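User: Please take me through some features of this structure by question and answer. I am a first-year student and would welcome each term explained.

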Amino acid sequence: MHTETRPLQGVVRILKTIAMIMTGTLLLAGCAAAPVAKKTSVFFPAPPNEPRVQFLRAISGSKDVEDQQSKFSLLLSGASDRDVNKPITRPYGIHYTRGKLYICDTQGASTVVIIDLQKKTFEYMKENPGLGKLKKPINLAVDKDGSIYVADTLRKEVLIYDPSGSYVGSIGKGSSMKPVDVALDGDNVYILDLNGNDIKIFDRKSRELIRSIGQFEDKSLGLALPTNFTLDDKGLIYVTNINDGSVKILDKDGHFISKFGKLGDAFGEFTRPKGIAVDARHRIWVVDGGFQNVQIFNEKQRLLMFFGDPPLLSGALNLPAGIDVTTDNLDYFQQFADPDFILEAVAFVTNQMGDAMVSIYGLGHKKGAADVPEGQQQGVTGQFGAKKAGDSRGTE
């Protein structure tokens, strides 16, 4: 009797397994058959103003980039969510070049995340143990050959990696500086130093300090708790300063050119200016961590519009920090835009809190809507639309 029971138990186990597979298949089929909710486009400024910026998509980890296994495959494999999703924990600096998105994650993996959106790849930079290990990467620059320069505020130096992610050296080791941003220009490496309230210029080959710029006899012109900077194609340096809530503009030799903004809650003013970018049309994009938005200015430093203000179900920024803007690969990003909205540029903004660690926006216009010459449209945001209804900030 006992020997006859064993084959019977084996058959029962097989039948149970088949039942589980059939149940899983039916569940997946039911999920596939469920109606898909229509995507609601999020535009800025809010209607009835002409839309100029659209929220395109968000990225919080590898699951938002890579091709995923089916739910049933994951169930059979027994993999956990963390096994299949490499998270972005607390990003700050961000840079897009040659189809790749580079993100400084200051916590979690504490490394540089490299994403190829078109190839759907997501990886942590391999670095190296020991000398090449990042502690708190906050901003970065990528050279034409793919080499990566990373400002690390805990190591107090800028670490250099080859295109494969292998550590090759550093700048500033043993110095008193606290690097918070880095930029490349020809034979020089520009490093924004929070401790020195200046920009230190190093020779790229020798890695020796050439000079420092950003301080003047008139203290109101000098850098004051600088957080981020960027260089444009005209050789100008734009620096955000938290101490006085301004953006200060210098040339590469350190001469003061101009400044705009101040601490306040009116249009064109700032509370915590952080990331900054200048696009191909010399519009200036400034992240404000206090207002939790991005303000766009024209070349004459006139406010055009702002976007990302919470609260919104999607598309709102949450403690935003870094930004980069590109006009590359617009055909690829167009697939995420409303069919009637034509992209002119794409902005990537990091969030240090919330579900969207990286928010991607498209600057553009509705089909058939030509650019409005500046000054011809009513409202404080000039070319890009009027003041949003319900905004609590003052007017110019």
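The questions below concern strands and aromatic rings.

Analyst: This is a predicted model, in which local features need pLDDT of at least 70 and side-chain atom pairs count only at pLDDT 80 or more, while totals for chains, interfaces and linings use all residues. Residues are numbered from 1 along each chain as its sequence is written, and side-chain values use heavy atoms, with hydrogens and water left out.

User: Which strands stand at the edges of the open sheet of four strands?

Analyst: Strands are DSSP runs of E with at least two residues, numbered from the N terminus, and two of them pair if DSSP finds at least two bridges between them. The open sheet has the order β7-β8-β9-β10, with antiparallel pairing. Two strands have a single partner each, so one side of each lacks a neighbour in the sheet: β7 (137-142) and β10 (167-171).

User: Which residue in β8 stands opposite Val142?

Analyst: β7 and β8 (residues 148-152) pair in the antiparallel sense over five bridges. Opposite Val142 in this pairing stands Ile148.

User: How are the rings of Phe44 and Tyr361 arranged?

Analyst: Rings of Phe, Tyr and Trp (its six-membered ring) pair if their centres lie within 6.5 Å; planes under 30 degrees apart count as stacked, over 60 as edge-to-face and the rest as tilted. The whole structure has 17 aromatic pairs. For Phe44 and Tyr361, the centres are 6.2 Å apart and the planes lie at 65°, so the arrangement is edge-to-face.

User: Are Phe44 and Tyr361 buried or exposed?

Analyst: Buried means under 20% relative accessible area, exposed over 50%, and partly exposed in between (1.4 Å probe, protein chains only). By this definition, both Phe44 and Tyr361 are buried.
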